[in-house]
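Please consult the sequence and the three-dimensional model together while reading the explanation below. It begins at the bound ligand and then turns to the backbone.

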Amino acid sequence: MCGVVGYKGKNIKVADIIESLKLLEYRGYDSAGIAFNYNGDLVVQKNEGKIDKLLINFNGKYEDISSNIVIAHTRWATHGVPNDINAHPHIDCTKKIAVVHNGIIENYKEIKEELINKGHNFISDTDSEVLSHLIEEFLNKYNNLFEVSLEVVKKIKGAFAFVAISNDLEELVAVRYESPLIIGIYDNNYIIASDIPSILRFTKKIIVLENGDIFFINKKNEYKIYNFIIDKEIKRPIEFVSWDISIAEKSGYKHFMLKEIMEQPKVIKDTLLERINIDSNTITLDDKVKNLIDLKINDINSIVYLACGTSYHAGLLGRYYTWELTDLNPDAFYASEYRYINKNVNLDKILYIVISQSGETADTLFVARELKRLGANIIGIPNVIGSSLYREFISFNTRAGIEIGVAATKTFTAQIIAILLLNLYISSLKNKDNLILKDLIQDLAHIHIVVDKFLEDYIKIQEIAIKYKDYEHFLYLGRNLMYPVALEGALKLKEISYIHAEAYPSGEMKHGPIALIDSKMPTMYLAPYNDLIYKNLSNIQEIKARKGIIIALVDNKSVDIVKDYVDDFIVLPYVNKFLQPILFNIALQLFAYFVADLKGLDVDQPRNLAKSVTVE
Ligand code: F6R
């Protein structure tokens with residue numbers, strides 16, 4: 001978490017760097033700051049709160065200022081409460097060095113003590129401040145930031161992407177270890193940032209730094225990259241990014257979240273592109289993914305899905321798909337849980353599917369790396385191209401495009417598509433003439449059209465949101481494939497509306513949660529037409545018998561069975577049972593969105609969250 005930006009080159013308007021920083025706000029937004037060289041002085045401006053506040057303070061004083069060396073930061077607090085002092089950049093005692101940092105310095109306490117004993121004066125409660133003081137200390141011995149950073153990385157433990165500048169030396173150094181850093185290059189100018197979109201306004205030519213890379217620029221604007229893990233200077237390729245800057249704009253929508261919900265038909269189409277063939281009823285996987293599955297299919301007997309948050313819900317759905325579509329045993333774990341259990345299993349028998357939108361989630365990456373070290377079979381499902389999951393593993397990427405709203409929406413749908421494709425392919429290897437598969441492949445190829453049509457008219461969902469927005473507790477219930485959807489719907493409501501929502505498999509309700517039911521806790525009941533509709537109807541009646549309020553999500557085949565027993569209902573198109581989660585989930589995304597918007601909340605940047613969680 002946290003977003004970092006750095007710049008070194010010819011004079012640039014400092015306000016432009018702040019604009020770039022704004023695109024990183026999804027990574028954290030409890031405080032923001034900037035430091036830059038202004039006529040030989042190091043100017044530092046920072047505050048608690050969002051970048052807009054920084055911009056107001058900044059514009060009052062430095063509106064038209066340009067500088068040749070700048071760093072900036074947007075924070076998601078780990079050590080030290082969000083306030084002006086703990087905001088980055090952090091400076092040293094001489095006030096000549098400034099540092100911005102993303103990650104955690106795990107051994108900061110002992111380093112801080114050591115430095116205090118040497119006379120350094122710390123002012124913040126953060127772990128990051130040790131970096132500026134360590135640099136100051138080593139500058140007594142070496143007179144350049146490159147050699148200094150080689151010493152600094154020997155001292156610190158943890159995860160870090162930091163950018164440091166020295167005003168006196170007119171040097172910049174950016175160091176990447178376990179947290180991403182990208183370099184943009186144009187005309188001998190260098191822009192450094194935590195992700196690609198924030199660089200796009202300057203250039204489409206980038207270098208993706210690898211773990212252990214130190215990117216150093218001297219006074220003359222010459223750069224070198226040195227990898228401190230393998231201890232040698234290296235060359236990294238300059239890549240060209242074809243993305244357009246408009247991916248980071250709202251394009252007329254009130255919020256990124258709504259824009260991203262509306263983009264889902266395209267996301268489905270893109271993720272399926274050239275992977276599904278409706279003439280031959282076949283699935284074509286990317287080469288490396290196909291080769292791995294073809295090679296291992298006779299050895300493996302299970303698939304284990306690993307992920308966090310929304311991506312975990314996609315994995316849980318994958319568990320049901322694998323049960324129903326293949327002959328393999330499925331399981332799904334939160335990555336943070338799987339990391340620390342004793343894996344006393346035969347890894348040759350398992351295919352791990354590791355899902356992460358950002359491809360940088362520490363909990364997910366660390367368990368995947370550990371499994372890779374042990375020789376496990378792993379396929380990653382990242383969305384962000386160039387992310388660690390994408391680069392370090394055989395990857396079957398989703399094609400949702402950049403997702404800016406902190407709450408995951410379109411990427412979840414893309415993950416469902418990717419997981420379905422993998423399961424369909426595995427299934428087809430053993431059972432080519434399966435009619436269920438053929439039907440599903442046909443329906444999958446057309447589902448974007450149904451979603452598109454459904455998204456044309458969401459007025460009913462808006463009305464339900466208006467009616468129920470002031471309830472403080474919700475129960476979300478669904479069975480089988482609808483259970484992960486219930487979990488995801490409840491998570492969306494919690495995340496952006498700050499409403500307490502619990503999700504259970506419908507059959508579990510009577511084993512405890514039923515005690516919660518009263519007229520103050522509405523139930524969002526997911527009741528599509530399938531084999532379980534009459535079981536669902538019984539559960540609905542159990543809730544009604546206890547004076548519970550029910551909002552049912554139904555389709556045009558289940559509506560007549562359910563409608564007389566519920567308080568309100570929203571009708572979705574009836575689709576293949578394996579595709580029902582896609583539509584039902586989109587309806588729940590819209591419900592959460594409208595509730596949050598009606599409450600006047602910050603939909604795209606809900607409190608306490610960050611999009612990319614790069615700490616354990
Ligand atoms: C929910 C949300 C989070 C993420 C989780 C994993 O809306 O965004 O729960 O799903 O932090 O993130 P990734 O998929 O990037 O590993």
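The paragraphs that follow describe the ligand site and then two local features of the backbone.

The model is predicted, and the values given here are computed from it. A convenient starting point is the ligand, since its surroundings can be traced residue by residue. The space that the ligand takes is the largest pocket. Around the ligand there are 14 residues, and those that come nearest are S311, S356, Q357, S358 and T361. Sorted by class, this shell comprises five nonpolar, seven polar and two charged residues.

The shell can also be placed within the overall architecture. Domain 2 (256–454) and domain 3 (459–598) each contribute at least three residues to the shell around the ligand. Among the secondary-structure elements, α10 (309–325) and α17 (482–497) each supply at least two of the shell residues.

Individual polar contacts give a more detailed view. A polar backbone atom of Q357 is 2.7 Å from an oxygen atom of the ligand; Q357 is also among the residues that come nearest to the ligand. A polar backbone atom of T310 lies 3.0 Å from an oxygen atom of the ligand. With K492, the side chain is involved: one of its N or O atoms is 3.0 Å from an oxygen atom of the ligand. How much of the ligand does the protein bury? Taken alone, the ligand exposes 400 Å², and the protein buries 90% of that area.

Two features of the backbone remain to be examined. In general, most residues other than glycine have a negative phi, and most peptide bonds are trans. Against that background, the peptide bond from H88 to P89 is cis, with omega near 0°. P89 is located in the loop between β4 (66–75) and β5 (90–91). The second feature concerns E178, which has a positive phi of about 70° although it is not a glycine. E178 is likewise found in a loop, in this case the one between β8 (171–177) and β9 (182–186).

Note on methods. Residues numbered from 1 in each chain as written. Predicted model: local features only at pLDDT ≥ 70, side-chain atom pairs only at ≥ 80, totals over all residues. Heavy atoms only, no water. Near = heavy atom within 4 Å. Polar contact = N/O pair within 3.5 Å; in protein donor to acceptor, adjacent residues only side chain to side chain. Areas by Shrake-Rupley, 256 points an atom, 1.4 Å probe, with all protein chains shown as cover. 1 Å grid on protein atoms, 1.4 Å probe; cavity = no way out; pocket = protein on both sides within 12 Å on 5 of 7 lines; lining within 4 Å. Sits in = over half its atoms within 2 Å of the grid points. Helix = DSSP H or I, 4+ residues; strand = E, 2+ residues; numbered from the N terminus. Nonpolar A, V, L, I, M, F, W, Y, C, P; charged D, E, K, R; others polar. Domains from an automatic or database assignment.
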